[in-house]
Structures are given as C-alpha cells and as structure tokens.
Amino acid sequence: AAVEKGNFRHFMQKEIYEQSETTARTITRYVNANDESVQMPDLDGVDLGADSAIVIGCGTAHYAGRVAEYWMEQYAGIAVETDIASEFRYRKPAFAKKSFAVFVSQSGETADTLAALRYCKEQGLKTLAVVNVPESTIWREADARLPTLAGPEIGVASTKAFTAQLSALAALAIAVGRARGTLSSQEEARLVHALMETPRLIADALKVEPEIEVIAQELAQARDVLYLGRGVHYPIALEGALKLKEISYIHAEGYAAGELKHGPIALIDEHTPVVVVAPHDALFEKTLSNMQEVNARGGKLIVITDAAGAVACAEIAQHIIMVPACDPFVAPLVYSIPIQLLAYLTAVQKGTDVDQPRNLAKSVTVE
Ligand code: G6P
C-alpha cells in the first residue's frame with residue numbers, strides 16, 4: 001500500500017513524529033525485556049569478540065556509524081575505524097586479522113557502500129549489514145544482517161532511519177561488549193534499561209516543536225550556521241549541519257567543539273548562529289567554555305541541553321532548547337530529535353521543497 005502523509009504537511013515531518021514508535025520497534029527486536037539483556041540473532045560467522053571493527057556508510061548512515069564508533073570503543077573496548085564508503089573503497093585499507101565490518105545503509109542500494117562491502121568480502125572479512133530495506137542488495141550480500149525497523153522512509157533527508165540505525169547499533173555495541181567480556185551483566189542490564197526508556201524520551205523531546213518554531217524563524221535568516229558537539233555528540237552536530245544544508249540550503253558546518261579555536265572561531269560574529277549539542281554530561285564543562293568563547297565574540301548561541309545544562313548556560317545562550325535528562329549512552333538518540341526539527345522548521349520557513357530537496361536523491365545507486 002502507498003505510504004500516506006496523513007495529517008502531516010510533509011513526509012519528513014511525519015517521519016520525525018514516528019520515531020518514538022520506530023525506535024521502540026527496533027530496540028524491542030534486539031533486547032530481552034525480562035532480564036534486560038541484548039539478544040542478537042545468529043550472526044552467521046561474524047565474531048563480535050573480535051579485536052577491531054570497521055563501520056562504513058554514506059551521508060546520514062555514515063554519521064550513525066560515527067556514533068557507533070564512540071559507543072563500541074567506550075562500552076566494548078573494541079578498536080573501531082569508521083569511514084565514508086567512497087573513501088574507504090579506494091584507499092587500500094589495511095585490516096587487523098580478527099575484525100569484522102559493519103555497513104550502514106537505509107536503502108541497502110548505495111553504490112559506494114555496496115562496493116565497500118564487496119571489497120571487504122574479497123579481503124576475507126565477515127560483513128554485517130545494518131539495513132532498513134529488506135532484501136536490498138546490501139542486505140542480501142552481507143554475511144549477516146541487523147534490520148532497522150523504521151518502515152519505508154519517503155523524505156529524502158533521513159530521520160527515522162537514522163534513529164533506527166542508532167537503535168540497532170547501540171544494541172550491537174552492548175552485544176560486542178558482552179562478547180568481548182568488557183561488560184558485566186549488571187552493566188549490560190543498565191544499558192539495555194536505558195535503551196528501553198529511549199522511545200519515551202524521544203516522545204518527550206518531540207514536544208519542543210513550538211520553541212524550535214520560534215528559533216527557526218531566526219535561523220532562516222542566516223547565511224551560515226555552525227554546529228558544535230563533543231564526543232558522541234560530535235557526529236550529532238555533523239548530522240545536524242547536514243540536515244540543515246540538505247533541506248534549507250543554508251550553509252552549515254559541524255565541528256568538534258574543541259576544534260573551534262583551530263579555525264572556525266574566525267567565522268564567529270553576530271550573523272553566524274552557533275547550534276551547540278550539549279547535554280549536561282562529563283564533557284559539559286568543556287563545551288561550556290567553548291560556548292563562552294563564542295559568546296565573547298558576539299556569536300549567537302542556540303543550545304540544545306537538559307535542565308541542568310540550561311541553568312549553567314542561561315546567561316550566555318540566546319536560545320535554549322530543552323530536552324529530557326537521560327543516560328549519556330542514549331543521549332545521541334534523544335538529541336537527534338531537536339536537530340531534525342530545527343532543520344525541518346527552518347526549511348518550512350524558507351519554503352523549500354522539504355521532501356524532495358534540489359539535486360538530492362533518496363538513494364544514490366551510481367558512483
Ligand atoms: C543519499 C541520501 C541520504 C543518505 C545517503 C546514504 O545521499 O540523500 O539521506 O544518508 O544517500 O543512503 P543509504 O540508503 O545508504 O543510507
């Protein structure tokens with residue numbers, strides 16, 4: 001049956017609002033709620049106990065992979081390398097003996113990602129696909145698969161597929177931690193519990209739309225926008241910038257907050273809004289000092305944070321977008337919501353074709 005927009009103005013908006021459901025569906029697939037453990041299907045020879053892993057994708061799928069890199073290193077102690085498929089396939093990558101390769105793709109048909117998968121198979125690596133479209137080429141050619149259960153995604157700018165990828169990759173990180181013996185069963189239960197809470201937090205985060213609407217009116221006037229984040233939120237900043245440029249055509253750059261002083265700070269003035277992804281976590285104080293640097297140079301700060309973070313930056317932030325406090329493990333899922341809404345509502349202000357942005361294709365099946 002054809003997918004309908006229902007009461008939503010755009011497919012992208014509908015897909016943003018489906019994320020409480022689509023993450024719940026995906027998480028449920030990979031956890032056992034009774035004993036709060038991860039359940040991974042038989043992975044057909046993919047050894048999660050390996051010493052290293054490679055995570056490959058393009059665009060938004062690559063950024064999901066970048067989040068997974070932080071998760072797998074932090075919670076599973078496995079050395080992870082992430083790359084963009086179009087770079088990876090031509091750079092003659094070297095592999096550690098005991099490693100596996102993960103390919104992240106909504107469509108399962110992206111030409112560069114598929115070529116990278118075939119390359120790894122030729123090199124004798126076991127491959128694992130995190131794919132949304134069943135029976136797609138990447139799905140079929142990988143040794144094993146972890147389906148994302150986002151359902152059909154129509155909007156060219158990926159939203160619910162991204163958070164479904166994060167859901168599956170979060171479960172994978174826990175499974176790798178278990179296989180490698182780096183997570184105790186109590187730690188596994190804590191992480192699984194946090195993951196199971198996430199769909200509810202996403203539903204709460206979606207309630208910030210009215211505040212973001214006001215901010216979007218200002219953002220729509222900007223020529224350039226900077227996005228900053230640290231640690232696992234650096235890829236979320238990259239994804240936020242990608243989303244904004246894709247659908248509003250405003251130039252946006254994502255930067256690691258600590259890198260600000262090495263270049264992008266030269267761009268800061270009252271005309272360049274800076275969106276900061278800054279939950280009140282272990283790195284918050286560091287990011288706060290980056291915010292102070294922006295503020296001191298007349299830059300306008302739009303800070304996405306929680307209640308504790310909001311108190312700490314109340315004096316310097318032009319706008320605060322407040323999301324529920326959450327376990328740092330699942331924060332990338334929760335903070336994805338405001339960055340998507342910010343891009344979406346800014347594009348609506350600008351009157352662009354949100355679901356079919358110019359020059360972009362939903363799936364790029366040629367090189
Ligand atoms: C295209 C789409 C992006 C997507 C990327 C990777 O560029 O416009 O939204 O992130 O391809 O697509 P995939 O289907 O492999 O996730």
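This is a short conversation about the helices, the sheet and the ligand shell of a predicted model.

Student: Why is H3 called roughly antiparallel to H10?

Tutor: H3 and helix H10 (residues 233-248) pack at an angle of about 165 degrees. Angles over 145 degrees count as roughly antiparallel, so H3 is roughly antiparallel to H10. Their axes are 9 Å apart, and the crossing is left-handed.

Student: Which residues of H3 and H10 meet there?

Tutor: Gly59, Thr60, Tyr63, Arg66 and Val67 in H3 meet Pro235, Leu238, Glu239 and Leu242 in H10. By class, that contact divides into 5 nonpolar, 2 polar and 2 charged residues.

Student: What makes H3 roughly parallel to H7?

Tutor: Here the angle between H3 and helix H7 (residues 160-180) is about 25 degrees. The cut-off for roughly parallel is under 35 degrees, and therefore H3 counts as roughly parallel to H7. The axes of H3 and H7 are 9 Å apart, and their crossing is right-handed.

Student: How many nonpolar residues does the contact of H3 with H7 have?

Tutor: It has 15 nonpolar residues, along with 3 polar and 1 charged. Among them are Trp71 and Met72 of H3, and Leu166 and Ile174 of H7.

Student: Where does H3 stand with respect to the ligand?

Tutor: Helix H3 (residues 59-76) gives the most to the shell around the ligand, with 3 residues. The shell has 17 residues, and the closest are Gly59, Ser105, Gln106, Ser107 and Thr110. Its classes are 7 nonpolar, 9 polar and 1 charged.

Student: Let's turn to the sheet. Why are E9 and E12 called edge strands?

Tutor: The 5 strands form an open sheet in the order E9-E8-E10-E11-E12, with parallel pairing. Strand E9 (251-256) and strand E12 (319-322) each pair on one side only, and they are the edge strands. From one strand to the next, the twist averages 20 degrees.

Student: How do you know that E11 and E12 pair?

Tutor: Two strands pair if there are at least two bridges between them. Strand E11 (residues 301-305) and E12 have 4 bridges, in the parallel sense, so they pass that cut-off of at least two. Thr305 stands opposite Met322 in E12.

Student: Which helices pack on these strands?

Tutor: Helix H11 (residues 284-296) packs on the sheet, touching strand E8 (224-229), strand E10 (274-277) and E11. The direction of H11 makes about 165 degrees with that of E11. Helix H13 (residues 331-350) lies across E10, E11 and E12, and runs at about 160 degrees to E10.

Definitions and conventions
Residues numbered from 1 in each chain as written. Predicted model: local features only at pLDDT ≥ 70, side-chain atom pairs only at ≥ 80, totals over all residues. Near = placed C-beta within 6 Å. Helix = DSSP H or I, 4+ residues; strand = E, 2+ residues; numbered from the N terminus. Nonpolar A, V, L, I, M, F, W, Y, C, P; charged D, E, K, R; others polar. Axes fitted to C-alpha atoms, helices over the stretch in contact; angles between N-to-C directions. Contact = placed C-beta atoms within 7 Å. Parallel < 35°, antiparallel > 145°, perpendicular 65-115°, else oblique. Left-handed = near helix turned anticlockwise from the far one by under 90°.
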